[in-house]
Every structure is written in structure tokens, then in C-alpha cells.
Amino acid sequence: MTHLFSEEEWNDYIEGRIDDETRDRIEAHIIGCLSCWEFHERMATATRALVVCGAGMRVAFALQDRRLNAGLRAVFAKINEAEAAKLDQPLRAIQQRLDALAAVMAPMCGSQTATKALRAAAQVSPACSLELVSEDNWTPFLTSLKTIADVMCGETGARLVWERGQS
Amino acid sequence: MIAKRVTPKVVWFGLALNLCAWLAVHLPWRAGITARMWVAEGAVRTVFLCLAYGLALGLNLEIAAEHRQTRWLRIAWLALAGNAAVSVVRIVVESSLFNLVWPDYTRDPLWGLLQHLTIAPANAFLFSGLLAMWWAYHQVGLGFALEKRDYVAIAGILGLIIALMIFSEGLSEARSPYALSRWLQIVGLALLIFSAAASLATHRMAMQMGGGKLAVALRVLTLYTFLRGALVLLRAGQRMSLMEGQQADAYVSIFIVLCWQAVPWVAVLAAAYRAEMIVHAARELEQQRAAKAVLASA
């Protein structure tokens, strides 16, 4: 029920943001139109109630800067944690595979040799260092490691390393 | 696959059996219970030592076959197999059992010549094997390196060559009518000294490996080389310290003979430890494949 006025004009009138000319037109209309008068009264009462309630709520739940800061930190920490877990997952999987390869080689050619072999294989592979070995450069790294294992563990040992690296 | 049957435990058992058998036929004579049983002693020595070197030959060939892709290690283990093969011939030609068909064979200068005709090539194989092995592991580039004290020890070992030249008169073949025999003994000993120096380098690598079966095999190989060198020195020292016609101390003699009989078993032990790696890897591979098959079928 907007009669001669738009919904926007009604809202602006009730909230007191309307221009003088439109306000005069509305007031001239509601003096003679009962339904518009009643509508205006209901809307004005509801708006006042909302304004009062909003002010009360702002007082009741006022956030101090320190609390706001702590809250935001907690939210961002959770977001970062989730993102880091997503990034760490492949890294952890690679580390597990490297550990498994070292565990396979150690009983045959010694734990220090196994560690040195992993490093040497990484250095000659596209990864260039053990820390940068990833899913993308895994196969060339494993091929280099197999070549070293061929010398240190023999053909059967190298085959074991190769198959363990592929699983 | 010989490696599956000839485990280090079996080798230790063979060594113990060899020494016990020899003591069983030798000690009754020492105790004055029986006459000396030359034939039995000779038979025990010949049979057990041929068996030991035969096993070393088989194991070394099997290990060489494991290194089809790595040329230097293949050469190394083939050379060690060559050492074992020539050593079998050596045990046969120096057997006292030939005294049965050729009286005083072991006192004949020809015995010394035949012995050194086998010792020199056997030591050449040993030296080249150790050298190739050191080179192969060095080439991988895992950072195995000699330390200062190793260079000092190697210099000390090589210094023994000078001592060998000075005391060459104390060697068993010094008075041999065969010049070849005299030279072969010196060459054979020089090669043994070179082998000891090379084995020191492989021993250092074993120390830097942080355990594992390969390190044990390399250490036992070093023990084999050093034991042979030490026994040669001990026997030469014993010979030089004895006056004409004087008998060596019984306990020392028994100890030296026992050590000489242990030497081939030490060579087998080194090969058995290395061959154990093949068995271990094959077993692990089998288990891994079985696990994969189970996962695939699940």
C-alpha cells in the first residue's frame, strides 16, 4: 500500500531523510487518507522500537579493541591452520616416503650411507636438494637413487628401493 | 642360490668344524698318545680349505652377478672370485697328501715354486679386487674419505716393503734354487702389502657407513687381508728367530696353523655377509610385492 508514493519515499519519510517538497506532499496526503495514516503510524512505531533496541544491543555487546583483536587473531589463526594443513599434507607424504626409502637401505648399506645416498640423489635430480623433493620431481629423484643403490646394495637391493619408492 | 644356504652362521660352523677336526687328529700326537697322523692332518687341511675357498668362489661369483650394472664392482667381485679360485689350486699344490705318491714332496724346492706360482696371482687378484671396490664406492660420491691417520697407516704398511727387501734373506724361498721362486715370493708379499693398504681404505669407508651388512663384509675383508699379512710376518719372524735345527714352540706353532686354517673361512665370511644382502633384499622385495598384491585385490 503505497498510494501516490513509492516505497523508497515512504522509508525516507519515516527515517526523516526526505526532501521538503515530498514531505509536504506526503503530509498533505495522510491528513486525508486514513489507511495511509495508520500505515505511517505503524511503521513509525516499529522504526522507533528498532532504533531503541539497536542502541540497547550495542551497549550490551560492546566489543573492546583488545577483545576484538583477540577474536580476529583466533579467526585468522584458524584460517591459516587450515591452509597450512592443506600445504603440509604433500610435504608430510614425501617425508614419509623418504623415511621409508632410508629404512629400506639402512640394513644393507648403513644408516649414514642411506642418508648420504638420498641427499646425493636429490642433488643430481631436478630437485637439487632433499628439501625440495616433491611429487613433481619424485621420479627423476628415485631414478638417481636407484643408480646409487645399484652400487651400494646391488641389483636386487636397487630393485627393492625402486619398488618401495613407487608405492 | 648359494647365498641362501651359505649364511654367516654356516661359515662359522664350517670354521669351527675345520679347527676341531684338525685339533682332533693333531693333539693326540702332541700328547704322545699316537704317532703323527700326517695323512689325516693333510686330508683335513686340504678338504676343508678347498671347501672354504670353493664356497668363497661360488659366493663371489653370485655377488659379481648382482653388479651387472656397476662395472667396477663387477670387476672387484670377479677379482675376488679369481683370488678364491687360484687359492683352491694353491691348497691342492701345497697339500702334504702328495707325499704319499712323491716322497718328500713338501721339502722339494719345486713345492715352494708351485706354491708361489699360485700365491702371486692370487694376491694380484686380491689387490685388484680391493682397489676396484674402493674406486667403485669412491666414484658414487657419497663423501667417503680417508682421514689423516689412514694416510699415516697406509704409509706405515707400505714401509713394510722396505723391511721386506732388507729381510728378504729370512723368507722361506730365499735359498730356493729357482730364481723365479725367490722373485715370486717377494712379488707376492709386496702385493699382499698393497692389498692391506687398499683394504684399509675400504675399512675407512665401512666405518663411515653407519652399520649395515656391507660395512660388516668390508671389515671382514680387511681382516682377511690383514690376517694373511700378519701371519706371513709372524712366520717369517719365527723362522728368523730360530737357530738351525731348533724346534718352534708347540703352542705358537699350533696357533699359527689354526690361524692359517681360519684365513680361507674369513674370506668366505666376508662374501657370506655381502651375499646375505641379496637374500635380505630378495625377501623384502617378495614381501613388498605380496603386500601390494593384497592391497590391489582388496
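Start by selecting Ser144(A): with a relative accessibility of 14%, this residue counts as buried, because the cut-off for that label is under 20%. Bear in mind as you click around that this is a predicted model. Ser144(A) belongs to helix H6 of chain A. Now show what surrounds the serine, ignoring neighbours within four places in sequence: Ser144(A) has contacts with Ala121(A), Val124(A) and Ser125(A).

**Along helix H4 of chain A**

Next, pick Ala93(A), which sits in helix H4 of chain A. Ala93(A) is partly exposed, its relative accessible area being 31%. Draw a distance from its C-alpha to that of Ser134(A) and you should get 9.3 Å, although the two residues are 41 apart along the chain.

Stay in this part of chain A and display the side chains of Glu135(A) and Arg97(A), which pair up in a salt bridge at 2.9 Å, N to O. Arg97(A) is in helix H4 of chain A and Glu135(A) is in the loop between H5 and H6, so this pair ties together parts that lie 38 residues apart in sequence. If you like hunting for such pairs, the whole structure holds 17 salt bridges over all chains.

**Where the two chains meet**

Colour the chains separately and look at the boundary. How many residues of each chain are in contact with the other? Chain A contributes 25 and chain B 32. The size of an interface is often given as the accessible area lost when the parts come together. Here chains A and B bury about 2400 Å² between them, with 56% of it on carbon and sulfur atoms.

Turn on polar contacts next: 15 residue pairs between chain A and chain B qualify, both partners being at pLDDT 80 or more. On the chain A side, the elements that give two or more residues to the surface touching chain B are helix H4 (65-109), helix H5 (111-124) and helix H6 (138-166). Of these, which gives the largest share? That is H6(A), with 13 residues.

Two salt bridges cross this interface. For one of them, select Arg68(B) and Glu155(A), whose side chains meet at 2.8 Å, N to O. Glu155(A) is in helix H6 of chain A, while Arg68(B) is in the loop between helix H3 (38-66) and H4 of chain B, so the pair joins two chains. Are the two partners buried or exposed? Arg68(B) is exposed, at 53% relative accessible area, whereas Glu155(A) counts as buried, at 12%.

**Over to chain B**

Switch on the surface of chain B and select Trp38(B), Val39(B), Val92(B), Phe98(B), Leu100(B), Val101(B) and Trp102(B). Together they make a nonpolar surface patch with about 710 Å² of accessible area. Zoom in on one member, Leu100(B), which is found in the loop between helix H4 (71-93) and helix H5 (109-139) of chain B. Leu100(B) has a relative accessible area of 60%, so it is classed as exposed.

Now move to Arg107(B) and Asp104(B), another salt-bridged pair, with 3.9 Å between the closest N and O atoms. Both of these residues are exposed.

For the last stop, show the side chains of Glu147(B), Arg149(B), Asp150(B) and Arg204(B), and you'll see a network linked by salt bridges.

Methods:
Residues numbered from 1 in each chain as written. Chains lettered and ligands numbered in written order. Predicted model: local features only at pLDDT ≥ 70, side-chain atom pairs only at ≥ 80, totals over all residues. Heavy atoms only, no water. Patch = residues over 30% accessible without salt bridge, like charges linked within 9 Å, V, L, I, M, F, W, Y side chains within 5 Å. Areas by Shrake-Rupley, 256 points an atom, 1.4 Å probe, with all protein chains shown as cover. Salt bridge = Lys/Arg side-chain N within 4 Å of Asp/Glu carboxyl O. Helix = DSSP H or I, 4+ residues; strand = E, 2+ residues; numbered from the N terminus. Buried < 20%, exposed > 50% of the residue type's maximum accessible area, 1.4 Å probe, protein only. Contact = heavy atoms within 4.5 Å. Buried area = accessible area lost by both parts, 1.4 Å probe. Polar contact = N/O pair within 3.5 Å; in protein donor to acceptor, adjacent residues only side chain to side chain.
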